[in-house]
Amino acid sequence: MTLTVLEPATERVLAELPRAGAEEADAAVERARAAYPAWRAVSPPDRARLLHGLADALAARQEELAVLEARNAGKPIGDARGEMAMVADTFRYYAAAPERALGDTIPVPGGVAMTFREPLGVVALITPWNFPLTIASWKLAPALAAGNTVVLKPAELTPLTAIEFEKIAVEAGIPEGVVNVVVGPG
């Protein structure tokens, strides 16, 4: 079964994508689960370096992503350009986080309470149609910086930049299975 993605301005078909169901979602979770131990084990400086590289790759493809976002979401190109710049900036911001994941030590009666910041594992991310990659970046960047692997489910109306993001992430050196995009309704 396929998912038809339309360009709102023209109502023409932009893409026909395989429509994911429960089986494909389970497979994406399994890929993320398999990639998690190695991603979690990446040292903070190395994870920061990889996320900076991803931010650079997103910035290098900013115009291409902006055109795709404008066409897919039906928004002015100027708005889409600003949003794609924000995506790269979001990744730059969170690229600093792996080296600053500090816990708290709080004196309490009878001892000390300590907080450790550790990744959770596989994180599911669901995003709306109106700012597709921008809102996704607000979820993706901190999750990846913390050492989690992700399964991103973009809105069925606007999945195209999420699909491109997954490709860019792998090209930028993020290991296969760390970022997984599942396209479908609901």
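Is Tyr93 buried or exposed? In this predicted model, Tyr93 has a relative accessible area of 60%, and since anything over 50% counts as exposed, Tyr93 is exposed. Tyr94 comes out at 27%, between the 20% and 50% cut-offs, so that residue is partly exposed.

Let's turn to the aromatic pairs. The count comes to two. One of them joins Phe91 and Phe165, with 5.5 Å from centre to centre and 35° between the planes, which makes the pair tilted. Phe91 belongs to helix H4 (residues 77–95) and Phe165 to helix H6 (residues 160–171), so this contact ties together parts that lie 74 residues apart in sequence. Both Phe91 and Phe165 are buried. Then there are Tyr93 and Tyr94, whose rings form an edge-to-face pair: their centres are 5.0 Å apart, and the planes meet at 85°.

Another ring to look at is that of Trp39. Arg47 lies over its face, 5.8 Å from the ring centre.

Arg47 also takes us to the largest pocket, where it is listed with Ala101, Arg117, Ala145 and Ala146 as the residues closest to the centre, out of 14 that line the pocket. The space inside is about 280 Å³. Which elements give two or more residues to the lining? Those are helix H2 (44–60) and helix H5 (132–145). As for chemistry, the lining divides into ten nonpolar residues and four charged ones, with no polar residues.

Notes
Residues are numbered from 1 along each chain as its sequence is written. This is a predicted model: local features need pLDDT of at least 70, side-chain atom pairs count only at pLDDT 80 or more; totals for chains, interfaces and linings use all residues. Side-chain values use heavy atoms; hydrogens and water are left out. Rings of Phe, Tyr and Trp (its six-membered ring) pair if their centres lie within 6.5 Å; planes under 30 degrees apart count as stacked, over 60 as edge-to-face and the rest as tilted. Helices (H or I, at least four residues) and strands (E, at least two) are DSSP runs, numbered from the N terminus. Buried means under 20% relative accessible area, exposed over 50%, partly exposed in between (1.4 Å probe, protein chains only). A charge sits over a ring if NZ of Lys or CZ of Arg is within 6 Å of the ring centre and within 35 degrees of the ring normal. On a 1 Å grid over the protein atoms alone, a cavity is a set of points where a 1.4 Å probe fits but cannot get out, and a pocket is an open set with protein on both sides within 12 Å along at least five of seven lines; lining residues have an atom within 4 Å of a point. Grid points are joined across faces, edges and corners, and a volume is the space filled by probe spheres set on the points. Ala, Val, Leu, Ile, Met, Phe, Trp, Tyr, Cys and Pro count as nonpolar, Asp, Glu, Lys and Arg as charged, and the others, Gly among them, as polar.
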